[in-house]
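Colleague: I should like to go through this structure with you. Please explain the terms as they arise.

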Amino acid sequence: MANILSGFTTIPFGVLVVIFIAYFQMPVNDALFAMLDSSAYILYGAGMILSWWFNRSRVFFITMLLALSQYALSGTAAADTGIAALPAVLYPVLCTLLPMNIFVFSLLKERGIFNTWGLGRFAIILFQVFYVAMAITANDSTMLSFFHKEFLAEDLSGITKIPQVALLAYAAAFLLLFIRQLKTRSRLDRTFAAVLVSTMLGLQWQAEPLALPVFFAAAGIMLIIAVIQDSYSMAYLDELTGLPARRALKEELMKLRGEYTIAMVDIDFFKKFNDTYGHDTGDDVLCLVATVLRKVTGGGKAFRYGGEEFTIVFPHTPLADALPHLEKLREAIEKTPYAYRGKRAQKTKKKATKKLFVTISIGVAERSEKHAETHEVIKAADTALYRAKKKGRNCVSK
(Lines give C-alpha, C1' and ligand atoms only; values in the text may rest on other atoms or scores of the structure.)
Protein backbone atom coordinates (compact mmCIF):
# COMPACT_ATOMS: atom_id res chain seq x y z
CA MET A 1 0.00 0.00 0.00
CA ALA A 2 2.86 2.38 0.83
CA ASN A 3 4.36 1.92 -2.65
CA ILE A 4 1.01 2.61 -4.29
CA LEU A 5 0.44 5.75 -2.25
CA SER A 6 3.94 7.02 -2.98
CA GLY A 7 3.40 6.29 -6.69
CA PHE A 8 0.14 8.22 -6.55
CA THR A 9 2.00 11.39 -5.58
CA THR A 10 4.95 11.35 -7.99
CA ILE A 11 5.49 13.63 -11.00
CA PRO A 12 1.94 15.00 -11.59
CA PHE A 13 1.43 15.99 -7.97
CA GLY A 14 5.02 17.25 -7.83
CA VAL A 15 4.20 19.58 -10.74
CA LEU A 16 1.07 20.69 -8.91
CA VAL A 17 2.99 21.53 -5.73
CA VAL A 18 5.56 23.58 -7.68
CA ILE A 19 2.82 25.49 -9.56
CA PHE A 20 0.88 26.02 -6.33
CA ILE A 21 3.90 27.60 -4.62
CA ALA A 22 4.80 29.67 -7.70
CA TYR A 23 1.22 30.96 -8.01
CA PHE A 24 1.42 32.86 -4.73
CA GLN A 25 4.70 34.49 -5.77
CA MET A 26 3.33 35.90 -9.04
CA PRO A 27 2.64 39.63 -9.33
CA VAL A 28 -0.86 40.35 -10.65
CA ASN A 29 -0.80 42.59 -13.72
CA ASP A 30 -2.35 42.69 -17.18
CA ALA A 31 0.87 41.87 -19.02
CA LEU A 32 1.46 38.69 -17.01
CA PHE A 33 -2.17 37.64 -17.38
CA ALA A 34 -2.04 38.09 -21.17
CA MET A 35 1.18 36.09 -21.40
CA LEU A 36 -0.08 33.24 -19.18
CA ASP A 37 -3.45 33.12 -20.89
CA SER A 38 -1.99 32.83 -24.40
CA SER A 39 0.68 30.40 -23.16
CA ALA A 40 -2.01 28.12 -21.74
CA TYR A 41 -3.69 27.76 -25.14
CA ILE A 42 -0.32 27.09 -26.78
CA LEU A 43 0.17 24.31 -24.21
CA TYR A 44 -3.25 22.86 -24.97
CA GLY A 45 -2.50 22.89 -28.69
CA ALA A 46 0.86 21.19 -28.15
CA GLY A 47 -0.75 18.64 -25.86
CA MET A 48 -3.47 17.80 -28.36
CA ILE A 49 -0.98 17.43 -31.22
CA LEU A 50 1.30 15.26 -29.08
CA SER A 51 -1.57 13.06 -27.86
CA TRP A 52 -2.88 12.68 -31.42
CA TRP A 53 0.60 11.74 -32.66
CA PHE A 54 0.99 9.06 -30.00
CA ASN A 55 -2.65 7.93 -30.15
CA ARG A 56 -3.56 9.01 -26.62
CA SER A 57 -7.20 9.88 -27.21
CA ARG A 58 -8.05 10.23 -23.51
CA VAL A 59 -5.41 12.92 -23.07
CA PHE A 60 -6.51 14.58 -26.32
CA PHE A 61 -10.14 14.99 -25.25
CA ILE A 62 -9.38 15.98 -21.66
CA THR A 63 -6.97 18.63 -22.95
CA MET A 64 -9.70 19.86 -25.28
CA LEU A 65 -12.06 20.11 -22.29
CA LEU A 66 -9.50 22.23 -20.42
CA ALA A 67 -9.19 24.62 -23.36
CA LEU A 68 -12.96 24.92 -23.84
CA SER A 69 -13.55 25.45 -20.10
CA GLN A 70 -10.91 28.15 -19.79
CA TYR A 71 -12.27 29.94 -22.84
CA ALA A 72 -15.89 29.69 -21.66
CA LEU A 73 -15.03 31.33 -18.33
CA SER A 74 -12.96 34.11 -19.89
CA GLY A 75 -13.84 37.65 -20.76
CA THR A 76 -13.06 36.81 -24.37
CA ALA A 77 -16.03 34.41 -24.53
CA ALA A 78 -18.30 37.04 -22.98
CA ALA A 79 -17.14 39.59 -25.56
CA ASP A 80 -17.47 37.14 -28.47
CA THR A 81 -21.03 36.16 -27.54
CA GLY A 82 -22.15 39.57 -26.36
CA ILE A 83 -23.33 38.05 -23.06
CA ALA A 84 -21.53 39.91 -20.28
CA ALA A 85 -22.77 37.53 -17.59
CA LEU A 86 -21.66 34.39 -19.50
CA PRO A 87 -18.76 33.43 -17.17
CA ALA A 88 -21.02 33.77 -14.11
CA VAL A 89 -23.76 31.66 -15.71
CA LEU A 90 -21.35 28.98 -16.90
CA TYR A 91 -19.32 28.79 -13.69
CA PRO A 92 -21.55 26.32 -11.76
CA VAL A 93 -22.15 24.32 -14.94
CA LEU A 94 -18.45 23.86 -15.71
CA CYS A 95 -17.60 23.20 -12.06
CA THR A 96 -19.89 20.17 -12.26
CA LEU A 97 -19.37 18.96 -15.82
CA LEU A 98 -15.58 19.22 -15.89
CA PRO A 99 -14.80 16.59 -13.20
CA MET A 100 -17.53 14.33 -14.57
CA ASN A 101 -16.07 14.56 -18.07
CA ILE A 102 -12.49 14.06 -16.90
CA PHE A 103 -13.52 10.85 -15.13
CA VAL A 104 -15.66 9.55 -17.99
CA PHE A 105 -13.00 10.23 -20.64
CA SER A 106 -10.35 8.65 -18.40
CA LEU A 107 -12.34 5.38 -18.59
CA LEU A 108 -12.49 5.22 -22.37
CA LYS A 109 -10.16 2.96 -24.32
CA GLU A 110 -7.54 4.29 -26.71
CA ARG A 111 -9.44 3.80 -29.98
CA GLY A 112 -8.31 6.77 -31.98
CA ILE A 113 -9.42 10.36 -32.44
CA PHE A 114 -10.35 11.12 -36.04
CA ASN A 115 -12.34 7.95 -36.67
CA THR A 116 -15.77 6.54 -35.77
CA TRP A 117 -14.86 6.13 -32.10
CA GLY A 118 -13.38 9.61 -31.94
CA LEU A 119 -16.41 11.17 -33.60
CA GLY A 120 -18.57 9.62 -30.88
CA ARG A 121 -16.44 11.33 -28.25
CA PHE A 122 -16.58 14.65 -30.07
CA ALA A 123 -20.36 14.17 -30.07
CA ILE A 124 -20.40 13.77 -26.27
CA ILE A 125 -18.70 17.15 -25.88
CA LEU A 126 -20.82 18.85 -28.56
CA PHE A 127 -24.04 17.60 -26.97
CA GLN A 128 -23.12 19.23 -23.67
CA VAL A 129 -22.14 22.47 -25.40
CA PHE A 130 -25.43 22.44 -27.33
CA TYR A 131 -27.50 21.74 -24.20
CA VAL A 132 -25.91 24.55 -22.20
CA ALA A 133 -26.08 26.96 -25.15
CA MET A 134 -29.80 26.21 -25.60
CA ALA A 135 -30.45 26.82 -21.90
CA ILE A 136 -28.61 30.15 -21.94
CA THR A 137 -30.15 31.32 -25.24
CA ALA A 138 -33.67 30.41 -24.10
CA ASN A 139 -32.96 31.91 -20.67
CA ASP A 140 -34.40 28.67 -19.23
CA SER A 141 -33.24 28.38 -15.62
CA THR A 142 -34.94 24.99 -15.20
CA MET A 143 -32.48 23.43 -17.68
CA LEU A 144 -29.62 24.59 -15.47
CA SER A 145 -31.24 24.11 -12.07
CA PHE A 146 -29.42 20.82 -11.42
CA PHE A 147 -26.10 22.64 -11.23
CA HIS A 148 -27.36 24.82 -8.36
CA LYS A 149 -28.79 22.03 -6.18
CA GLU A 150 -27.71 21.91 -2.55
CA PHE A 151 -27.50 18.56 -0.80
CA LEU A 152 -26.07 19.75 2.50
CA ALA A 153 -27.87 21.90 5.04
CA GLU A 154 -24.68 23.83 5.80
CA ASP A 155 -23.94 26.96 3.81
CA LEU A 156 -20.50 26.50 2.23
CA SER A 157 -20.41 29.81 0.38
CA GLY A 158 -18.05 31.26 2.99
CA ILE A 159 -15.53 28.49 2.24
CA THR A 160 -15.89 27.95 -1.49
CA LYS A 161 -17.86 29.32 -4.42
CA ILE A 162 -17.91 25.90 -6.06
CA PRO A 163 -21.51 24.58 -5.87
CA GLN A 164 -22.28 21.59 -3.67
CA VAL A 165 -23.19 19.36 -6.61
CA ALA A 166 -19.82 20.19 -8.17
CA LEU A 167 -17.99 19.40 -4.92
CA LEU A 168 -19.69 16.01 -4.90
CA ALA A 169 -18.73 15.47 -8.53
CA TYR A 170 -15.09 16.26 -7.78
CA ALA A 171 -15.04 14.08 -4.66
CA ALA A 172 -16.64 11.13 -6.48
CA ALA A 173 -14.34 11.43 -9.50
CA PHE A 174 -11.20 11.64 -7.37
CA LEU A 175 -12.27 8.74 -5.14
CA LEU A 176 -13.07 6.51 -8.11
CA LEU A 177 -9.75 7.33 -9.79
CA PHE A 178 -7.93 6.62 -6.55
CA ILE A 179 -9.65 3.23 -6.17
CA ARG A 180 -8.81 2.35 -9.77
CA GLN A 181 -5.21 3.42 -9.20
CA LEU A 182 -4.96 0.92 -6.34
CA LYS A 183 -5.80 -1.82 -8.84
CA THR A 184 -4.01 -0.68 -12.00
CA ARG A 185 -1.16 1.52 -10.70
CA SER A 186 -1.59 3.45 -13.93
CA ARG A 187 0.55 6.52 -14.55
CA LEU A 188 -2.28 8.14 -16.50
CA ASP A 189 -4.75 7.59 -13.66
CA ARG A 190 -2.35 9.42 -11.32
CA THR A 191 -2.20 12.23 -13.85
CA PHE A 192 -5.97 12.44 -14.22
CA ALA A 193 -6.34 12.65 -10.44
CA ALA A 194 -3.80 15.48 -10.32
CA VAL A 195 -5.64 17.21 -13.18
CA LEU A 196 -8.83 17.05 -11.10
CA VAL A 197 -7.12 18.74 -8.16
CA SER A 198 -5.49 21.38 -10.36
CA THR A 199 -8.72 22.34 -12.14
CA MET A 200 -10.56 22.47 -8.83
CA LEU A 201 -7.99 24.94 -7.48
CA GLY A 202 -8.36 27.03 -10.63
CA LEU A 203 -12.13 27.09 -10.26
CA GLN A 204 -11.92 27.77 -6.53
CA TRP A 205 -9.91 30.97 -7.17
CA GLN A 206 -11.52 31.73 -10.54
CA ALA A 207 -12.32 35.29 -9.46
CA GLU A 208 -8.58 36.00 -9.28
CA PRO A 209 -7.18 36.86 -12.74
CA LEU A 210 -4.30 34.39 -12.84
CA ALA A 211 -5.99 31.35 -11.29
CA LEU A 212 -7.55 29.78 -14.39
CA PRO A 213 -4.60 30.15 -16.78
CA VAL A 214 -2.11 29.01 -14.12
CA PHE A 215 -3.88 25.93 -12.75
CA PHE A 216 -5.51 24.84 -16.01
CA ALA A 217 -2.15 25.21 -17.78
CA ALA A 218 -0.60 23.16 -14.96
CA ALA A 219 -3.10 20.42 -15.77
CA GLY A 220 -2.08 20.68 -19.42
CA ILE A 221 1.60 20.33 -18.48
CA MET A 222 0.81 17.19 -16.45
CA LEU A 223 -0.97 15.64 -19.41
CA ILE A 224 1.93 16.41 -21.77
CA ILE A 225 4.39 14.84 -19.32
CA ALA A 226 2.14 11.76 -19.06
CA VAL A 227 2.15 11.32 -22.85
CA ILE A 228 5.94 11.63 -22.95
CA GLN A 229 6.31 9.12 -20.11
CA ASP A 230 3.96 6.69 -21.80
CA SER A 231 5.83 7.04 -25.09
CA TYR A 232 9.10 6.36 -23.30
CA SER A 233 7.59 3.26 -21.68
CA MET A 234 6.39 1.98 -25.05
CA ALA A 235 9.85 2.43 -26.56
CA TYR A 236 12.02 1.22 -23.71
CA LEU A 237 9.96 -1.03 -21.45
CA ASP A 238 8.65 -4.50 -22.19
CA GLU A 239 4.86 -4.32 -22.19
CA LEU A 240 4.32 -7.70 -20.50
CA THR A 241 6.94 -7.76 -17.74
CA GLY A 242 7.66 -4.06 -17.26
CA LEU A 243 11.40 -4.70 -17.50
CA PRO A 244 13.59 -2.60 -19.80
CA ALA A 245 13.41 -4.09 -23.32
CA ARG A 246 15.93 -4.72 -26.11
CA ARG A 247 16.23 -1.07 -27.10
CA ALA A 248 17.06 -0.12 -23.51
CA LEU A 249 19.57 -2.99 -23.37
CA LYS A 250 21.23 -1.78 -26.57
CA GLU A 251 21.69 1.71 -25.12
CA GLU A 252 22.95 0.26 -21.83
CA LEU A 253 25.55 -1.80 -23.66
CA MET A 254 26.81 1.32 -25.46
CA LYS A 255 27.58 2.92 -22.09
CA LEU A 256 29.71 0.05 -20.79
CA ARG A 257 33.40 0.71 -20.30
CA GLY A 258 36.18 -1.10 -18.47
CA GLU A 259 35.32 -4.38 -16.79
CA TYR A 260 31.75 -5.62 -16.73
CA THR A 261 29.81 -8.87 -16.63
CA ILE A 262 26.79 -9.96 -18.66
CA ALA A 263 24.49 -12.87 -17.83
CA MET A 264 21.96 -14.55 -20.11
CA VAL A 265 19.00 -16.09 -18.29
CA ASP A 266 16.55 -18.64 -19.70
CA ILE A 267 13.49 -20.23 -18.05
CA ASP A 268 13.87 -24.01 -18.05
CA PHE A 269 11.38 -26.09 -20.06
CA PHE A 270 9.27 -23.01 -20.75
CA LYS A 271 7.79 -24.35 -24.00
CA LYS A 272 6.65 -27.50 -22.21
CA PHE A 273 5.23 -25.36 -19.42
CA ASN A 274 3.33 -23.25 -21.96
CA ASP A 275 1.94 -26.30 -23.75
CA THR A 276 0.80 -27.86 -20.47
CA TYR A 277 -0.76 -24.90 -18.70
CA GLY A 278 -1.51 -22.46 -21.52
CA HIS A 279 -0.02 -19.21 -22.78
CA ASP A 280 -1.84 -17.04 -20.23
CA THR A 281 -0.19 -18.94 -17.41
CA GLY A 282 3.09 -18.75 -19.31
CA ASP A 283 2.75 -14.96 -19.42
CA ASP A 284 2.06 -14.90 -15.69
CA VAL A 285 5.20 -16.94 -15.04
CA LEU A 286 7.27 -14.58 -17.19
CA CYS A 287 6.00 -11.70 -15.06
CA LEU A 288 6.77 -13.64 -11.88
CA VAL A 289 10.34 -14.33 -12.98
CA ALA A 290 10.74 -10.69 -14.09
CA THR A 291 9.62 -9.52 -10.64
CA VAL A 292 12.40 -11.56 -9.01
CA LEU A 293 14.97 -10.52 -11.62
CA ARG A 294 14.17 -6.89 -10.96
CA LYS A 295 15.48 -7.38 -7.41
CA VAL A 296 18.89 -8.66 -8.50
CA THR A 297 21.63 -7.51 -6.15
CA GLY A 298 25.24 -6.57 -6.77
CA GLY A 299 24.44 -3.57 -8.97
CA GLY A 300 22.96 -5.75 -11.73
CA LYS A 301 20.18 -4.57 -14.02
CA ALA A 302 17.73 -6.97 -15.68
CA PHE A 303 16.37 -6.64 -19.23
CA ARG A 304 13.82 -8.64 -21.25
CA TYR A 305 15.84 -10.04 -24.14
CA GLY A 306 12.98 -11.83 -25.87
CA GLY A 307 10.74 -14.87 -25.42
CA GLU A 308 11.71 -16.56 -22.15
CA GLU A 309 15.22 -15.06 -22.19
CA PHE A 310 16.47 -12.23 -20.02
CA THR A 311 19.78 -10.38 -19.77
CA ILE A 312 21.45 -9.06 -16.64
CA VAL A 313 24.19 -6.46 -16.92
CA PHE A 314 26.69 -5.83 -14.10
CA PRO A 315 28.61 -2.62 -14.94
CA HIS A 316 32.09 -2.26 -13.40
CA THR A 317 31.81 -5.76 -11.95
CA PRO A 318 34.14 -8.72 -12.57
CA LEU A 319 32.64 -12.17 -13.09
CA ALA A 320 33.81 -13.48 -9.70
CA ASP A 321 31.88 -10.71 -7.91
CA ALA A 322 28.73 -11.22 -9.99
CA LEU A 323 28.49 -15.01 -9.50
CA PRO A 324 27.21 -14.98 -5.86
CA HIS A 325 24.43 -12.59 -6.83
CA LEU A 326 23.42 -14.78 -9.78
CA GLU A 327 23.35 -17.88 -7.54
CA LYS A 328 21.19 -15.98 -5.07
CA LEU A 329 18.88 -14.99 -7.90
CA ARG A 330 18.62 -18.57 -9.21
CA GLU A 331 17.72 -19.85 -5.74
CA ALA A 332 15.13 -17.11 -5.23
CA ILE A 333 13.32 -18.05 -8.45
CA GLU A 334 13.50 -21.75 -7.62
CA LYS A 335 11.75 -21.07 -4.29
CA THR A 336 9.13 -18.64 -5.60
CA PRO A 337 5.82 -20.42 -6.31
CA TYR A 338 3.21 -19.51 -8.88
CA ALA A 339 -0.36 -20.15 -7.72
CA TYR A 340 -2.08 -21.97 -10.59
CA ARG A 341 -5.85 -22.16 -10.34
CA GLY A 342 -6.47 -24.37 -13.35
CA LYS A 343 -8.97 -23.72 -16.11
CA ARG A 344 -11.96 -24.92 -14.09
CA ALA A 345 -10.97 -22.89 -11.03
CA GLN A 346 -10.49 -19.79 -13.20
CA LYS A 347 -14.02 -20.07 -14.56
CA THR A 348 -15.57 -20.59 -11.11
CA LYS A 349 -13.26 -18.00 -9.49
CA LYS A 350 -12.12 -20.45 -6.83
CA LYS A 351 -8.93 -20.07 -4.84
CA ALA A 352 -5.58 -21.37 -6.08
CA THR A 353 -5.47 -25.16 -6.30
CA LYS A 354 -1.84 -25.85 -7.21
CA LYS A 355 1.57 -24.30 -6.70
CA LEU A 356 3.92 -24.37 -9.66
CA PHE A 357 7.66 -23.80 -9.53
CA VAL A 358 10.01 -22.88 -12.33
CA THR A 359 13.79 -22.78 -12.52
CA ILE A 360 16.24 -20.82 -14.60
CA SER A 361 19.56 -21.53 -16.24
CA ILE A 362 22.18 -18.79 -16.36
CA GLY A 363 25.19 -18.31 -18.60
CA VAL A 364 27.63 -15.60 -17.62
CA ALA A 365 30.72 -14.00 -19.18
CA GLU A 366 32.88 -10.97 -18.52
CA ARG A 367 34.74 -8.54 -20.72
CA SER A 368 38.25 -9.79 -21.44
CA GLU A 369 40.97 -9.57 -24.07
CA LYS A 370 39.26 -12.42 -25.91
CA HIS A 371 35.81 -10.84 -25.61
CA ALA A 372 36.51 -7.13 -25.87
CA GLU A 373 33.22 -5.99 -27.47
CA THR A 374 29.78 -6.15 -25.86
CA HIS A 375 28.35 -8.39 -28.58
CA GLU A 376 31.23 -10.81 -28.00
CA VAL A 377 30.54 -10.89 -24.27
CA ILE A 378 26.84 -11.58 -24.93
CA LYS A 379 27.75 -14.37 -27.34
CA ALA A 380 30.08 -15.87 -24.73
CA ALA A 381 27.33 -15.65 -22.08
CA ASP A 382 24.92 -17.30 -24.51
CA THR A 383 27.39 -20.13 -25.07
CA ALA A 384 27.73 -20.52 -21.30
CA LEU A 385 23.94 -20.68 -21.09
CA TYR A 386 23.92 -23.70 -23.42
CA ARG A 387 26.50 -25.33 -21.16
CA ALA A 388 24.20 -24.73 -18.18
CA LYS A 389 21.39 -26.44 -20.09
CA LYS A 390 23.60 -29.44 -20.87
CA LYS A 391 24.60 -29.72 -17.21
CA GLY A 392 20.97 -30.37 -16.30
CA ARG A 393 19.57 -26.84 -16.05
CA ASN A 394 18.82 -24.83 -12.87
CA CYS A 395 22.47 -23.78 -12.54
CA VAL A 396 24.93 -21.01 -13.34
CA SER A 397 27.65 -21.67 -15.90
CA LYS A 398 30.61 -19.52 -16.92
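Modeller: The accessible surface of the protein chain comes to about 21,000 Å², and 62% of that surface belongs to carbon and sulfur atoms. Such areas come from the Shrake-Rupley method with a 1.4 Å probe; for residues, only the protein chains shown count as cover. This is a predicted model, in which local features need pLDDT of at least 70 and side-chain atom pairs count only at pLDDT 80 or more, while totals for chains, interfaces and linings use all residues. Residues are numbered from 1 along each chain as its sequence is written, and side-chain values use heavy atoms, with hydrogens and water left out.

Colleague: What makes the protein chain more spread out than a compact globule?

Modeller: The globule rule is 2.2 Å times the number of residues to the power 0.38, and the radius of gyration is taken over C-alpha atoms. For 398 residues the rule gives 21 Å, but the radius of gyration is 27 Å, well over that value, so the chain is more spread out than a compact globule. The C-alpha atoms fill a box of roughly 85 × 55 × 40 Å along the principal axes.

Colleague: Why is Arg393 called partly exposed?

Modeller: Buried means under 20% relative accessible area, exposed means over 50%, and partly exposed lies in between (1.4 Å probe, protein chains only). Arg393 has a relative accessible area of 29%, and is therefore partly exposed. Of the 398 residues of the chain, 47% count as buried.

Colleague: What is notable about the phi of Arg393?

Modeller: Most residues other than glycine have a negative phi. Arg393 is not a glycine, yet its phi is positive, at about 70 degrees. Asn394, also not a glycine, has a positive phi of about 55 degrees. Arg393 is in the loop between helix H16 (374–390) and strand S7 (396–397), and Asn394 lies in the loop between H16 and S7. Helices (H or I, at least four residues) and strands (E, at least two) are DSSP runs, numbered from the N terminus.

Colleague: How do you know how many residues in the lining of the second largest pocket are nonpolar, polar or charged?

Modeller: Ala, Val, Leu, Ile, Met, Phe, Trp, Tyr, Cys and Pro count as nonpolar, Asp, Glu, Lys and Arg as charged, and the others, Gly among them, as polar. By that division, the lining has 20 nonpolar, five polar and no charged residues. The lining of the largest pocket has two nonpolar, four polar and seven charged residues.
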